[in-house]
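This report describes the fold of one protein chain and some of the contacts within it. The sequence and the model are shown first.

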Amino acid sequence: MRLAALLALLGVAALAGAYAGVDEVKASGLPPEARATIGLIRKGGPFPYERDGAAFGNREKLLPARERGWYREYTVRTKGERTRGARRIVAGRDGTLYYTDDHYRSFKRILE
């Protein structure tokens, strides 16, 4: 059972919304390319892709709701891809990081 569903069952609706749809993953459990991207984010770059650092709109509404401009997206290199591929890290202004390997259809909060 997802954490959000469990919190809702327990009547903690406010917390349930904060965790809706977002599982967690340790940074050590991510692909090496994702860990390298985290390092670049923490250092402030330089980033290899022109779109890195662009605002992420959270149109999918899978991440906690925040004001516009709160989230930024960064590409995670995918070996063999000629384009940016589907893997991204989305960073919140507060330093919270999320990983997606399916181009925003799902996210995992990164635990460092």
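A residue is called buried when its relative accessible area is under 20%, and exposed when that value is over 50%. By this measure, Glu73 and Arg88 are both buried. The model they belong to is a predicted one.

**The sheet**

Six strands form an open sheet in the order β1-β6-β5-β4-β3-β2, and their pairing is mixed. At the edges are β1 (22-26) and β2, each of which pairs on one side only. From one strand to the next the twist averages 40 degrees.

Strand β3 (residues 71-75) is mostly covered, with four of its five residues buried. Strand β2 (residues 54-56) runs antiparallel to β3 and is joined to β3 by three bridges. In this pairing Ala54 stands opposite Glu73, while Phe56 has Tyr71 as its bridge partner. Strand β4 (residues 88-92) also pairs with β3 in the antiparallel sense, over five bridges. Here Thr75 of β3 stands opposite Arg88 of β4.

**The helix on the sheet**

Helix α3 packs on the sheet and touches β3, β4, β5 and β6 (107-111). The direction of α3 makes about 30 degrees with that of β4. Pro32 lies in this helix and is exposed, because its relative accessible area is 53%. Between Pro32 and Val76 there are 9.4 Å in space, C-alpha to C-alpha, although the two are 44 residues apart in sequence.

Glu33 also lies in helix α3 (residues 32-43). Is Glu33 buried or exposed? Glu33 counts as buried because its relative accessibility is 16%. Not counting residues up to four places away in sequence, Glu33 touches Val76, Arg77, Lys79 and Arg87.

**Nonpolar cores**

The largest nonpolar core has 13 residues, of which Leu30, Ile38, Ile89, Leu97, Tyr99 and Ile110 touch the most other members. At least two residues of this core come from each of α3, β4 and β5 (97-100). Helix α3 gives the largest share, three residues. Leaving aside neighbours within four places in sequence, Ile110 is in contact with Val25, Ala27, Leu30, Ile38, Ile89, Leu97, Tyr98 and Tyr99. Another core, of nine residues, lies apart from the largest one and has Val22, Leu63, Tyr98 and Phe107 among its members.

**Salt bridges**

The whole structure holds six salt bridges. The table lists three of them with the N to O distance.

| Pair | Distance |
|---|---|
| Arg87 and Glu33 | 3.5 Å |
| Arg84 and Glu73 | 3.2 Å |
| Glu73 and Arg88 | 3.4 Å |

The side chains of Arg87 and Glu33 meet in a salt bridge. Arg87 is in the loop between β3 and β4 and Glu33 is in helix α3, so this pair ties together parts that are 54 residues apart in sequence. Arg87 counts as buried because its relative accessibility is 15%. Glu33, Lys79 and Arg87 are linked in a network of salt bridges.

Glu73 forms a salt bridge with Arg84. That pair links strand β3, where Glu73 lies, to the loop between β3 and β4, where Arg84 lies, 11 residues apart. With a relative accessibility of 7%, Glu73 counts as buried. Glu73 forms a salt bridge with Arg88 as well. This second pair links strand β3 to strand β4, with Glu73 and Arg88 15 residues apart.

Methods:
Residues numbered from 1 in each chain as written. Predicted model: local features only at pLDDT ≥ 70, side-chain atom pairs only at ≥ 80, totals over all residues. Heavy atoms only, no water. Buried < 20%, exposed > 50% of the residue type's maximum accessible area, 1.4 Å probe, protein only. Pairing = 2+ DSSP bridges. Contact = heavy atoms within 4.5 Å. Core = buried A, V, L, I, M, F, W, Y, C linked by side-chain atoms within 4.5 Å. Axes fitted to C-alpha atoms, helices over the stretch in contact; angles between N-to-C directions. Salt bridge = Lys/Arg side-chain N within 4 Å of Asp/Glu carboxyl O.
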